[in-house]
Amino acid sequence: PTGPPFAAVDLGASSGRVMLGSLADGGLSLREVHRFPNRPVRAGGTLHWDILALYQGVLDGLRAAGRAAGGRLAGVGIDSWAVDYGLLDGSGGLLGNPVHYRDARTDGVGERVAELLSPAELYAATGLQYLPFNTVYQLVAAQGSPQLSAARRLLLIPDLMAYWLTGEQGTELTNASTTQLIDPRTRDWSSGVARTLGIDLGLFPPLRGPGDPAGRLLPEVLAETGLTGPVPVTAVGSHDTASAVAGVPAADERFAYIATGTWSLAGVELDAPVLGEESRRANFTNELGVDGTVRYLRNIMGLWLLQECLREWAADGGPSELGPLLAAAGRATPLRSVVDAGDPEFIAPGRMPERIAAACRRTGQPEPRDRAETVRCVLDSLALAHRAAVFDARRLSGRVVDTVHIVGGGAHNELLCQLTADACGLPVVAGPAEAAALGNVLVQARAAGAVTGGLAELRALLRASQRLRRHEPSGDQAAWAEAAARIAGREGS
Ligand code: ADP
Ligand code: LRH
């Protein structure tokens with residue numbers, strides 16, 4: 001007999017969802033009960049997350065989960081995008097809407113931080129890829145602001161949601177590792193970095209790890225959602241990418257993963273960080289994973305490029321449906337023009353088709369002539385960036401890679417998966433698209449004693465139950481190398 005299901009709350013930059021996961025017959029089934037858009041709001045010149053709308057989405061999702069599961073849940077786990085946070089005053093009230101990592105407040109802050117701590121020293125201490133929006137830069141940007149001065153607590157986004165649901169505060173480790181304030185060797189705070197940059201680590205509640213208890217749903221939440229208590233909340237890999245990597249259906253260690261959604265996070269899973277200068281210059285990050293692992297990966301722009309083109313085209317009228325555009329892109333000339341999908345110049349929102357065309361011009365390549373060619377340019381560029389990241393991860397870590405797993409929403413995009421297989425010259429296993437929710441459920445289920453074993457055993461459950469698609473590499477590797485050379489020097493490798 002199967003018990004009540006586990007609810008996974010997975011908040012992505014493009015949408016939030018609540019999924020129900022059940023373990024039965026040696027497998028894991030997952031079912032979406034609620035999905036809601038995540039629409040950032042620019043107000044007073046600052047780009048914010050609409051955090052209460054997201055929390056409402058979580059409550060609506062838990063209500064739907066309760067309806068689907070007869071009012072009973074075995075537990076709840078929450079994961080979301082990284083680096084961002086809410087500040088609380090001394091009585092636990094939220095001080096303003098969390099600022100979006102794409103907001104311009106961190107412009108130029110990297111240079112200021114580099115004067116206090118050289119990039120080499122910061123990397124040696126934290127192992128994190130330079131991304132202008134890492135939490136350290138956001139906190140340095142906010143220094144001296146009335147809001148930060150008034151703050152008594154800082155909660156990362158999933159921890160903030162967990163606090164509202166349970167009344168309990170903690171800082172989950174995998175997501176804390178994206179702040180650039182964690183030493184990946186000790187898996188604890190780097191007090192030296194915090195001291196040098198004037199950041200008060202006392203703002204963070206104590207660390208907790210994936211599988212640790214995170215409280216129980218408050219009576220007011222049970223009343224609001226129609227759930228019957230007690231419902232435990234468990235800390236999972238609360239960084240969505242940590243949950244997604246736990247949800248990769250790998251059969252052994254010889255794999256690279258690409259979690260493709262709004263971002264593409266491409267790399268390998270290691271037991272220990274790689275912290276040398278070569279790794280820093282190659283723009284690789286050492287984020288912490290479930291079960292003591294290190295996610296050695298590169299952040300690449302991802303389907304954000306496509307999302308932003310679609311947003312622009314929808315506002316303009318004319319064809320902007322994804323399916324027909326992908327079909328047309330599949331017929332367009334391969335590798336006609338490519339851009340560097342690792343370039344921070346694509347981080348900010350707005351005018352994406354124009355910015356892509358400008359990048360093509362700058363590198364002496366023809367501009368895309370229509371929407372299909374723009375989509376093809378984006379997908380070829382992503383495949384090329386995937387190739388560079390997989391090759392560099394392999395070279396810098398010494399890990400043998402014979403399969404590339406693509407998980408996340410991009411696993412639905414067959415053209416992108418095939419192009420990635422072609423570019424890497426390696427087979428791609430595509431799916432599950434909802435790896436983050438699956439990794440979230442598996443960590444909760446193990447904490448509750450419903451499954452046992454390490455990541456290998458958890459992944460075997462995924463292979464037994466998830467539909468996966470295999471793409472064999474085809475075509476000419478030399479063509480990809482030639483395309484890479486057109487943007488060389490700007491690429492991470
Ligand atoms: P995030 O977690 O960052 O919000 P997701 O992992 O949900 O992102 O991925 C969203 C992206 O996945 C979309 O922007 C879209 O490009 C892609 N995607 C989702 N469904 C499909 C589909 N059916 N076909 C092609 N691409 C898809
Ligand atoms: C993906 C993600 C990624 C981070 C970015 C801010 O959703 O968590 O791992 O770098 O968002």
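This is a short tutorial dialogue on reading a predicted model.

User: What kind of model is this, and how are residues, chains and ligands labelled?

Analyst: The model is predicted, so local features need pLDDT of at least 70, side-chain atom pairs count only at pLDDT 80 or more, and totals for chains, interfaces and linings use all residues. Residues are numbered from 1 along each chain as its sequence is written, while chains are lettered from A and ligands numbered from 1 in the order in which they are written.

User: Which residues come nearest to ligand 1?

Analyst: A residue is near a molecule if its C-beta atom, placed from the backbone, lies within 6 Å of it. Around ligand 1 there are 15 residues, and Gly12, Gly261, Thr262, Gly409 and His412 come nearest. For classes, Ala, Val, Leu, Ile, Met, Phe, Trp, Tyr, Cys and Pro count as nonpolar, Asp, Glu, Lys and Arg as charged, and the others, Gly among them, as polar. The ligand 1 shell has four nonpolar, eleven polar and no charged residues.

User: How many residues of each class are in the shell around ligand 2?

Analyst: Seven are nonpolar, six polar and one charged. Of the 14 residues there, Trp81, Ala82, Asp240, Thr241 and Trp263 come nearest.

User: Which residues have the most contacts inside the largest nonpolar core?

Analyst: In soluble globular proteins, nonpolar side chains tend to be buried together. A nonpolar core is a set of buried Ala, Val, Leu, Ile, Met, Phe, Trp, Tyr and Cys residues joined through C-beta atoms within 7 Å. Buried means that 20 or more other C-beta atoms lie within 10 Å of the residue's own (exposed: 12 or fewer; partly exposed: in between), with C-beta atoms placed from the backbone. The largest core here has 151 residues, and Ala7 and Leu305 have the most contacts inside it. Helix 15 (residues 371–397) gives the largest share of this core, twelve residues; helices (H or I, at least four residues) and strands (E, at least two) are DSSP runs, numbered from the N terminus.

User: Is strand 19 largely enclosed or open, and why?

Analyst: Strand 19 (residues 403–407) is largely enclosed by the rest of the structure, because four of its five residues are buried. Two strands pair if DSSP finds at least two bridges between them. Strand 19 pairs in the parallel sense with strand 15 (residues 255–260) over five bridges, and with strand 20 (residues 428–430) over three. Ala256 stands opposite Val404, and His405 has Val429 as its bridge partner.
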